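Please look through the sequence and the model below before reading on. The report that follows moves from single residues to the chain as a whole.

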Amino acid sequence: MIFNHDPPICADCWDCGGPKHCGMKCNALVANNVGGYHVCTAIGRGPKIDVDIIDKKNPHTGVIVKMSNSGPKYNCSLAVSVLCNLNGVQGPQALERLGACDYVTELKHPSGCAIIINVHGGGWGWFGTLLIIVLCLFAAYLLAGIVYRFFFLGIRGIDIIPNLDFWVSLPRRTQSLCTSLVRKFKGPSEGYRSSYSPVNF
């Protein structure tokens with residue numbers, strides 16, 4: 001906001017550019033008639049903005065944007081209710097004062113319409129979280145073992161991997177386990193011969 005002529009003095013607005021730059025850097029100003037002169041007061045600043053949903057059960061209603069300003073004399077605020085309106089911008093029609101330096105108003109704007117994102121089924125769930133934890137623990141174990149064997153035991157080369165014999169034999173053990181499980185549930189194959197022979201008495 002830039003005034004073309006006769007800019008009003010801005011009270012309590014030194015960090016917004018000073019009294020002669022009223023409105024150029026402040027987010028929300030209100031003009032009061034003091035002794036026949038209009039004096040602007042900053043009631044909201046950019047770093048102190050809070051956004052909240054008007055009705056959490058019906059988020060399509062809109063949001064409340066509240067700006068505040070803590071000064072030496074007053075703690076001021078401006079709450080703007082941005083109601084959902086897809087047809088365009090309407091308002092604000094009036095500025096209502098609550099208390100010493102608190103103001104509220106409302107307007108209708110498309111930006112007040114909520115976009116709801118369905119989060120059900122979009123994540124990995126508990127299994128994904130458990131898998132990530134197991135992988136992180138395995139990586140920490142592997143790294144700690146490599147550091148210990150390299151610096152304290154002086155081992156070099158591929159033998160630096162802790163429990164290398166176990167990891168090398170793991171595919172063979174897994175294959176043997178799977179084969180035994182298949183035989184257990186499906187029974188012996190046609191070419192499978194039992195190690196026991198029938199004995200006739």
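## Strand S6 and its surroundings

In this predicted model, asparagine 85 counts as buried, because its relative accessible area is 10% and the cut-off for buried is under 20%. Asparagine 85 is placed in the loop between S6 and strand S7, the latter covering residues 96-98. Its side chain reaches the backbone oxygen of glycine 88, at a distance of 3.2 Å. When residues up to four places away in sequence are not counted, asparagine 85 touches Gln90, Lys108, His109, Pro110 and Cys113.

Leucine 83 has its place in strand S6. Which residues does leucine 83 contact, leaving aside its neighbours within four places in sequence? They are Ile54, Thr61, Gly62, Glu106, Leu107, Lys108 and His109. For one of these partners, glycine 62, the C-alpha to C-alpha distance to leucine 83 is 4.4 Å, although the two residues are 21 residues apart in sequence.

Serine 77 also belongs to strand S6, and with a relative accessible area of 8% serine 77 is buried. The side chain of serine 77 is joined to the side chain of aspartate 102 by a polar contact of 2.7 Å.

## The disulfide and the cysteines

How many disulfides does the structure hold? There is one disulfide, and it joins cysteine 84 to cysteine 113, with a distance of 1.9 Å from S to S. Cysteine 84 lies in strand S6 (residues 75-84), whereas cysteine 113 lies in the loop between strand S8 (102-109) and helix H1 (125-151), so the pair ties together parts that are 29 residues apart in sequence. The torsion about the S-S bond of cysteine 84 and cysteine 113 is about 90°, and therefore the disulfide is right-handed.

The table gives the relative accessibility of four cysteines, among them the two that form the disulfide.

| Residue | Relative accessibility | Class |
|---|---|---|
| Cysteine 84 | 28% | partly exposed |
| Cysteine 113 | 17% | buried |
| Cysteine 136 | 48% | partly exposed |
| Cysteine 178 | 42% | partly exposed |

The two partners of the disulfide therefore fall into separate classes: cysteine 84, at 28%, is partly exposed, whereas cysteine 113, at 17%, is buried because its value is under 20%.

## Two loop residues

Lysine 56 is found in the loop between strand S4 (49-53) and strand S5 (62-70). Is lysine 56 buried or exposed? Lysine 56 counts as exposed, because its relative accessibility is 61% and the cut-off for exposed is over 50%. A polar contact of 3.4 Å joins the side chain of lysine 56 to the side chain of aspartate 52.

Asparagine 163 lies in another loop, the one between H1 and H2, and at 48% relative accessibility asparagine 163 counts as partly exposed. The phi angle of asparagine 163 is near 55°, which is a positive value in a residue other than glycine.

## Helix H2

Helix H2 runs over residues 164-186 and has 23 residues. At 1.5 Å a residue, helix H2 should span 33 Å, and because its end C-alpha atoms are 34 Å apart, the expected span and the distance in the model agree. Where does H2 bend? H2 bends by about 45° at leucine 170, and a proline, proline 171, follows within four residues.

## The chain as a whole

The protein chain contains two helices and eight strands, and, read from the N terminus on, its elements follow the order β-β-β-β-β-β-β-β-α-α. The chain has 201 residues, of which 21% count as buried; serine 77, at 8%, is a buried residue, and so is asparagine 85, at 10%.

Among contacts in the protein chain between residues at least 6 apart in sequence, 38% join residues at least 24 apart. The accessible surface of the protein chain comes to about 15700 Å², and 61% of that surface belongs to carbon and sulfur atoms.

Methods:
Residues are numbered from 1 along each chain as its sequence is written. This is a predicted model: local features need pLDDT of at least 70, side-chain atom pairs count only at pLDDT 80 or more; totals for chains, interfaces and linings use all residues. Side-chain values use heavy atoms; hydrogens and water are left out. A disulfide is a pair of cysteine sulfur atoms within 2.5 Å. Buried means under 20% relative accessible area, exposed over 50%, partly exposed in between (1.4 Å probe, protein chains only). The expected span of a helix is 1.5 Å times one less than its number of residues. The bend at a residue is the angle between axes fitted to the seven residues ending there and the seven starting there. A polar contact is a pair of N or O atoms within 3.5 Å; within protein, one must be able to donate a hydrogen and the other to accept it, and residues adjacent in sequence count only if both atoms are side-chain atoms. Contact means heavy atoms within 4.5 Å. Accessible areas come from the Shrake-Rupley method with a 1.4 Å probe; for residues, only the protein chains shown count as cover.
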